[in-house]
Amino acid sequence: MNEQDKLWIEKCKEDWNYTIMVDNDEIFVVSTEADEAVYTFSLYGYEFAKALLQYIGCDADWV
């Protein structure tokens, strides 16, 4: 997870004008005001899940 990903996660937590959309092959942010995608995360799927768990402080690793 890169720094931009982390910044967008925090922005989405703080600003209800942004929603994180989860698809089977990408995860992206949509502006609820403009109804359009404004950011695509660098990871998706199980790679995103692992990185997100690590970002929130969990000891996550591959099996």
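Colleague: What makes strand 1 and strand 2 a pair?

Modeller: Strand 1 and strand 2 (residues 27–31) are joined by 5 bridges in the antiparallel sense. Two strands pair if DSSP finds at least two bridges between them, so 5 bridges meet that rule. Strands here are DSSP runs of E with at least two residues, helices are runs of H or I with at least four residues, and both are numbered from the N terminus. This is a predicted model, in which local features need pLDDT of at least 70 and side-chain atom pairs count only at pLDDT 80 or more, while totals for chains, interfaces and linings use all residues. Residues are numbered from 1 along each chain as its sequence is written, and side-chain values use heavy atoms, with hydrogens and water left out.

Colleague: Thanks! Which residues face each other across strand 1 and strand 2?

Modeller: Methionine 21 has phenylalanine 28 of strand 2 as its bridge partner, and isoleucine 20 stands opposite valine 29. A hairpin is formed by strand 1 and strand 2, with 4 residues between them.

Colleague: And how do you know that strand 2 pairs with strand 3?

Modeller: The same rule applies: 4 bridges join these antiparallel strands, and at least two are needed. Phenylalanine 28 stands opposite threonine 40 in strand 3. Strand 2 and strand 3 also form a hairpin with 4 residues between them, and aspartate 35 in the turn has a positive phi of about 55°.

Colleague: Why do strand 1 and strand 3 count as edges of the sheet?

Modeller: The sheet is open, with 3 strands in the order 1-2-3 and antiparallel pairing. Strand 1 (18–22) and strand 3 (36–40) each have a single partner strand, so one side of each is left without a neighbour in the sheet.

Colleague: What makes strand 2 mostly covered?

Modeller: Of its 5 residues, 5 are buried. Buried means under 20% relative accessible area, exposed means over 50%, and partly exposed lies in between (1.4 Å probe, protein chains only). Ile27, Val29 and Ser31 point one way from strand 2, Phe28 and Val30 point the other way, and all are buried.

Colleague: Moving to helix 1, why is the contact of glutamate 3 and lysine 6 called a salt bridge?

Modeller: The rule asks for a side-chain nitrogen of Lys or Arg within 4 Å of a carboxyl oxygen of Asp or Glu. For glutamate 3 and lysine 6 the N to O distance is 3.4 Å, so the pair qualifies. They are 3 residues apart in helix 1 (residues 3–14), and therefore separated by about one helical turn. Glutamate 3 is exposed at 54% relative accessibility, whereas lysine 6 is partly exposed at 24%.

Colleague: How many salt bridges does this rule give?

Modeller: The count comes to 2. Lysine 13 forms one with glutamate 10, the closest N and O atoms being 3.5 Å apart. Lysine 13 is exposed at 56% relative accessibility, and glutamate 10 is partly exposed at 25%.

Colleague: Finally, how do you know that cysteine 12 and cysteine 58 form no disulfide?

Modeller: A disulfide is a pair of cysteine sulfur atoms within 2.5 Å. The sulfur of cysteine 58 is 19 Å from the closest cysteine sulfur, in cysteine 12, which is too far for a bond. A search of the whole structure finds 0 disulfides. Cysteine 12 is buried at 11% relative accessibility, while cysteine 58 is partly exposed at 38%.
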